Amino acid sequence: AATFSERMSDISRQLIKDVYGGQSLVDSLLNRDLRDYLDKGRNINGKLEASAFMPLKRFGDHKSNMLFEAVADYKNSKSDRFNRFKINYGNDMSHYDMASQYFKGHPDHDIRAGLSARFAQYIKGSNHIDFKYGYEYVEARRTSLLYMLDRIDGFDASQAPLGYLPSMTQYAPCIDGSQSYYSMFKEHKNVFTPRYIGVLTISQTSFLNVDCSVPVELSHRTYDYYKQPSGDVTKLSPFAALPGFVGNMYLSLNPKGGWGIRSTLNMQASPRKANMHDMIDLYDDTNPLNIRLGNPDLKNAYVVNMSLNTTFSKKGVRRTHRVQASYRNLINEFARGYIYNPETGVRTFRTYNVNGNWDVNGLYEFFAPFGKYNKFDVNVSTSGTYRNSIDLVGSSAIDAFAIPPRRRVNTLTIGEAVKFNWTTGKNRLSADADVRVNRYTSP
């Protein structure tokens, strides 16, 4: 579930039950991946980068330049994976069926090659505009051939050592044609990025720095999915125009004899493209307790971030105050929901687009020395986070393909941290403590 996807130390059965309600949903959130596995393989990587800087003809006080960059990298990988699942165990874990699998994950390779050119024109002083164009080609081939070792006549896979593979003439006829495939992904990406960087002088000791860019990505992706050994093919070929925005403002005010202010404002909107394998209309039951479905209706997502960081300080005084605030909103975020069957213990997953995942963060920090000769100092910080998460978790013994109900979970976290330091000569002694309180609610 989205809410508990991060590592947290205070999650308990009772907490999950209070938030989600119902014993079946509590059971569904527990680890259902009952298997022994062995994964072995190797990777070969290579990368080449080059760049060239070219100053251009100067026009009066205005200078300009160009920067060219190129990159190419290649990865070849080989993977052999063995799974031994315990299935159909019910409530009595001493009785179960066994499923033994061998995945042949080769040949696989990744290729990436890119070229970019940037033109920069200085207007006055450090103020300049630049235009950047970048082209990137990406190719990824994946192979996943599944052989069911427990179907080989005269071979007891449950008694053989994990990772033992009989001769190819024995296991080759036991290929699972419904779950074996190879795929080829290709992408041609063009990115146009105009950018402005300017410095405004307010006084001899104060200035404002502005840095804004508007990248526009034109992407054409293709995905060919070949079932093996039948050769049935599914092809996807979407085109996307994805604008973005990156803006930074840095303000430095240093009045004589007063408190100085240094403030940074950051705003960013970045696109995220859907995984094309998740967009295939597939039914993946290679993990018998965690079935995965495709969703051809997936759309691209956006991440919007805004943050403000301000520090107050005074010349000749070591005391400082810092205030920080941030906001993040995930638009059309990818969320993997599931329907849980309490009679079989099977979860059926599917990826969806959801809105409503957002969070806000705040922080206040204070630092000050004290005592004779300022040998002591204290650092105190107070922080708070409010997170609104959308979970897609449902329970049904009838319809595993149903859309799971939306459930909103709010997480409030309050933290307080204190640190003391004592310094004398080359010696230093520190003591610190922090308290963090989490509160989960499901309206």
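The legends below describe close-up views of a predicted model.

**View 1. The aromatic pair F82 and Y102.**
F82 and Y102 form a stacked pair, because their ring centres are 5.0 Å apart and their planes meet at 25°, under the 30 degrees that sets the limit for stacking. F82 belongs to strand β2 (residues 64-87) and Y102 to strand β3 (residues 97-124), so the contact between their rings ties together parts that are 20 residues apart in sequence. F82 has a relative accessibility of 3% and therefore counts as buried. Y102 is buried as well, with a relative accessible area of 4%; the cut-off for both residues is 20%.

**View 2. The aromatic cluster around F82 and Y102.**
One aromatic cluster is made up of F82, Y102, Y147 and Y171. In the structure as a whole there are 14 aromatic pairs, and the stacked pair of F82 and Y102 is one of them.

**View 3. Charged side chains over the rings of Y122 and F103.**
R81 places its charged end over the ring of F103, at 4.1 Å from the ring centre. K63 lies over the face of Y122, and here the distance to the ring centre is 5.1 Å.

**View 4. The largest pocket.**
The volume of the largest pocket is about 1,000 Å³. Its lining comprises 42 residues, of which S144, Y181, H277, D284 and R292 are the closest to the pocket centre. Several strands each supply at least two residues of this lining: β2, β3, β4 (127-148), β5 (181-201), β7 (216-227), β12 (283-284) and β13 (290-293). By residue class, the lining of the largest pocket divides into 15 nonpolar, 15 polar and twelve charged residues.

**View 5. W358 and its contacts.**
W358 is found in strand β18, which spans residues 357-370. Its relative accessibility is 29%, so W358 counts as partly exposed; that class runs from 20% to 50%. With neighbours within four places in sequence left aside, the residues in contact with W358 are Y327, R328, N329, Y386, R387 and N388.

**View 6. The separation of W358 and S180.**
Along the chain, W358 and S180 are 178 residues apart. In space, 38 Å separates the C-alpha atom of W358 from that of S180.

How values were computed: Residues are numbered from 1 along each chain as its sequence is written. This is a predicted model: local features need pLDDT of at least 70, side-chain atom pairs count only at pLDDT 80 or more; totals for chains, interfaces and linings use all residues. Side-chain values use heavy atoms; hydrogens and water are left out. Rings of Phe, Tyr and Trp (its six-membered ring) pair if their centres lie within 6.5 Å; planes under 30 degrees apart count as stacked, over 60 as edge-to-face and the rest as tilted. Helices (H or I, at least four residues) and strands (E, at least two) are DSSP runs, numbered from the N terminus. Buried means under 20% relative accessible area, exposed over 50%, partly exposed in between (1.4 Å probe, protein chains only). A charge sits over a ring if NZ of Lys or CZ of Arg is within 6 Å of the ring centre and within 35 degrees of the ring normal. On a 1 Å grid over the protein atoms alone, a cavity is a set of points where a 1.4 Å probe fits but cannot get out, and a pocket is an open set with protein on both sides within 12 Å along at least five of seven lines; lining residues have an atom within 4 Å of a point. Grid points are joined across faces, edges and corners, and a volume is the space filled by probe spheres set on the points. Ala, Val, Leu, Ile, Met, Phe, Trp, Tyr, Cys and Pro count as nonpolar, Asp, Glu, Lys and Arg as charged, and the others, Gly among them, as polar. Contact means heavy atoms within 4.5 Å.
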